[in-house]
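Trainee: I should like to examine how the descriptive terms for this structure are justified. May we go through them in turn?

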Amino acid sequence: MRDDETVETAQAAEFVRFQSPVRHERGHFPGVFVLVNGLAREGKLTPEQERFRRANNDWYDAAYPTPSKVDPTVYDPEITPGAVAWFKSTATHLIERVPGYLEILDAHGVECRMLRSSDPGRVVYEDDFQVVVVPYGA
């Protein structure tokens with residue numbers, strides 16, 4: 001998927017999420033950052049991939065709020081079971097960097113899909129760039 005395809009396709013819906021098609025042991029589908037950070041923790045990234053991950057994770061940390069720092073309960077499994085973050089499609093400057101993460105996952109045979117939705121779940125957190133939702137039925 002080309003970078004411009006990712007942004008153009010993302011703009012077709014109000015919210016966008018990149019996630020594994022396979023459930024995590026906790027029962028939810030891990031997102032693109034969890035997947036790449038997991039490969040890093042397992043020592044599987046090449047030095048170039050690790051440089052990309054670290055530089056871009058730092059960029060994301062500076063570019064938009066971390067929901068759990070704003071509201072420590074946002075991912076609490078008792079209060080918001082299965083809560084996951086979705087980009088707002090208007091946050092194109094954030095979505096533009098995702099293809100680099102997808103390339104890392106592809107290089108390691110880890111599948112990740114882009115989902116689009118106008119109503120991904122019950123919103124438990126929102127800022128200018130993202131929402132955190134509890135998916136319906138969770």
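The discussion below takes up the sheet, the helix crossings and the largest pocket.

Mentor: This is a predicted model, in which local features need pLDDT of at least 70 and side-chain atom pairs count only at pLDDT 80 or more, while totals for chains, interfaces and linings use all residues. Residues are numbered from 1 along each chain as its sequence is written, and side-chain values use heavy atoms, with hydrogens and water left out.

Trainee: What makes E4 and E5 a pair of strands?

Mentor: Strands are DSSP runs (E, at least two residues), as helices are runs of H or I with at least four, numbered from the N terminus. Two strands pair if DSSP finds at least two bridges between them. E4 (residues 122-126) and E5 have 4 bridges in the antiparallel sense, so they satisfy that definition. The partner of arginine 122 is valine 134 in E5, and a hairpin of 3 residues joins E4 to E5.

Trainee: How many bridges join E1 and E2?

Mentor: E1 and E2 pair over 2 bridges, again in the antiparallel sense. In E2, lysine 88 is the bridge partner of phenylalanine 15.

Trainee: Why are E3 and E4 called edge strands?

Mentor: The open sheet has 5 strands in the order E3-E1-E2-E5-E4, with antiparallel pairing. E3 (113-117) and E4 each pair on one side only. The twist from one strand to the next averages 35°.

Trainee: Why is H2 called oblique to H3?

Mentor: Axes are lines fitted to C-alpha atoms, for helices over the stretch in contact, and angles run from 0 to 180 degrees between N-to-C directions. The axes of H2 and H3 come within 11 Å and cross at roughly 135°. That makes H2 oblique to H3, because angles under 35 degrees count as roughly parallel, over 145 as roughly antiparallel, 65 to 115 as roughly perpendicular and the rest as oblique.

Trainee: Which term applies to H2 and H6?

Mentor: Their axes come within 10 Å and cross at roughly 50°; H2 and H6 are therefore oblique to each other.

Trainee: What is the largest pocket, and how is its lining composed?

Mentor: A pocket is an open set of points on a 1 Å grid over the protein atoms alone, with protein on both sides within 12 Å along at least five of seven lines; lining residues have an atom within 4 Å of a point. The volume, the space filled by probe spheres set on the points, is about 1300 Å³. Of the 41 lining residues, the closest to the centre are Val34, Tyr75, Ala83, Val84 and Ala85. H2 gives the most to this lining, with 5 residues.

Terms used. 1 Å grid on protein atoms, 1.4 Å probe; cavity = no way out; pocket = protein on both sides within 12 Å on 5 of 7 lines; lining within 4 Å.
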